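Reader: Hi! I'm new to this one and would love a friendly walk through it. Could you put it up on screen first?

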Amino acid sequence: MKPYEILDGVYYAGVDDYTTHLFEGLWTIPYGVSYNTYIVRGEKTALIDTVSIHKANELLDNIGAIGIDYLVVNHMEPDHSGAIPELAAAFPQMKIVCNQATVAMIKGFYHVDESRCLIIKDTDTLELGHGKTLQFFLTPMVHWPETMMTYLQEDKVLFSGDAFGTFGALQGRIVDVSDCNREVCFQEMRRYYAAIVAKYSRHVQNALAKLNGLSVDYICSTHGPVWHEYVGKVISMYDDMSADRTEKGVVIVYGSMYGNTSAVAEVVARRLAERGISDIRMYNAGNTDMSRILADIWRYKGLVIGGPTYSMNIFPPIEALLRALEIREIPPRVAGAFGSYAWAPNAAKLSAVRMQAMGLDVVGALTMKLAMNAETEQQAVQMADAIADKLSEE
């Protein structure tokens, strides 16, 4: 397919993927995903990032007869670097532009000789001629140690790697000013951030600070649309997510085998609504993709987690969520825990201990034996009140 011209001398040559069901083998992608590659043409021509190996032939078709002098590797994750061997073979004179941390990964993943690499340092530039100058900014741990971003100085284009990316195929709509569903894009950006990047939020803040002085008209990430009209919004979203600027709302996540535990979640939700909390998100952990849950946990200040005791331990879907929060080093939240049991009253206590160890402000831990009664219903109301009171103080 002919590359899409974003602006003079800058083209999109990426591909959509509708066949992969789980991103990283973990996260559902109901709208598909894009692997974004860009071409910058001056006197010399640079290709910015590549695609997953199973899309390499499509990328080569998109490039067509265009000669590639440089391949810039912003990120080595295989969904972006998988076509490096094919490109190295197709363009034997092509230099691979990368930083020192990338070289060992290129050799290890693809056995490409180091002599093909043009190694750059932070803020180095590469002149392509005809008014096209690339500048490189190292942004380690956003979200791998070798990650960097590339800035086209004259046109104010930031090739940002995975930063500012979203799940979702482009369906022919490349730039955000075209007729794309931007609200879905923003939702999928939150989900992508929570699932993939959230653990590295302080490094995202470092990268934003480093890039603060740049004038950016276009953000060209490796997943999702090219941002132009909404550059300011997506930078603000990333800043808010990485700085943990939350909204006044509560996420309730529960697991339930027979409906007794879910009854507690319903009481908590009802009481929070009565207390004026308008943003309430309730999820059954047993049948909801975790990335959707994580996206809202990173968005809202309140968090309630509950599940039944299972084999004298935490219900497995709730255990998986707690582990995901530990791995991502969840920032502080106003939190509550609840659990039900028949003969082993462990779940709520174990969950509360885990949540407190993560630094969450656990204002209540409700343990319910068998089924809801007037006493446990009142305890659920009290926990909701404690959360609402805390949120009102924020």
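Author: Sure! One definition before we start: two strands pair if DSSP finds at least two bridges between them. Helices (H or I, at least four residues) and strands (E, at least two) are DSSP runs, numbered from the N terminus.

Reader: Okay, and what kind of model is this?

Author: This is a predicted model, where local features need pLDDT of at least 70, side-chain atom pairs count only at pLDDT 80 or more, and totals for chains, interfaces and linings use all residues. Residues are numbered from 1 along each chain as its sequence is written, and side-chain values use heavy atoms, with hydrogens and water left out.

Reader: Great. How do strand 14 and strand 15 pair?

Author: Strand 14 (residues 148-152) runs antiparallel to strand 15 (residues 157-161), with 3 bridges between them. Across that pairing, Tyr151 stands opposite Leu158 of strand 15.

Reader: What sheet has the order 12-13-14-15-16?

Author: That is an open sheet of 5 strands, with mixed pairing. The edges are taken by strand 12 (125-127) and strand 16 (218-221); each has a single partner strand, so one side of each has no neighbour in the sheet. From one strand to the next, the twist averages 20°. Axes for such angles are lines fitted to C-alpha atoms (for helices over the stretch in contact), and angles run from 0 to 180 degrees between N-to-C directions.

Reader: New topic: salt bridges. How many does the structure hold?

Author: There are 23 salt bridges in the structure. The term means a side-chain nitrogen of Lys or Arg within 4 Å of a carboxyl oxygen of Asp or Glu. One of them joins the side chains of Lys210 and Asp122 (3.1 Å, N to O). This pair links distant parts of the chain, 88 residues apart: Lys210 is in helix 6 (residues 201-210), and Asp122 is in the loop between strand 11 (117-120) and strand 12.

Reader: Are those two buried or exposed?

Author: Partly exposed: Lys210 has 35% relative accessibility, and Asp122 has 29%. Buried means under 20% relative accessible area, exposed over 50%, and partly exposed in between (1.4 Å probe, protein chains only).

Reader: Which residue does Arg333 meet in a salt bridge?

Author: Arg333 meets Asp244, at 2.9 Å, N to O. Arg333 counts as buried at 1% relative accessibility, and Asp244 counts as buried at 18%.

Reader: And what about Asp385?

Author: The side chain of Asp385 forms a salt bridge with that of Arg275 (3.1 Å, N to O). Asp385 sits in helix 12 (residues 374-393) and Arg275 in the loop between helix 8 (260-274) and strand 18 (279-284), so this pair ties together parts 110 residues apart in sequence. Through shared partners, salt bridges join Arg271, Glu274, Arg275, Asp385 and Asp389 into one network.

Reader: Last one: how far from Asp17 is the nearest side chain of opposite charge?

Author: That side chain is Lys55, 4.8 Å away, and Asp17 is buried yet has no salt bridge. For charge, Lys and Arg count as positive and Asp and Glu as negative, while His and the chain ends are not counted.

Reader: What does Asp17 reach with its side chain, then?

Author: The Asp17 side chain reaches the backbone nitrogen of Thr19 at 2.9 Å. A polar contact at 2.6 Å joins the side chains of Asp17 and Tyr35. Such a contact is a pair of N or O atoms within 3.5 Å; within protein, one must be able to donate a hydrogen and the other to accept it, and residues adjacent in sequence count only if both atoms are side-chain atoms.
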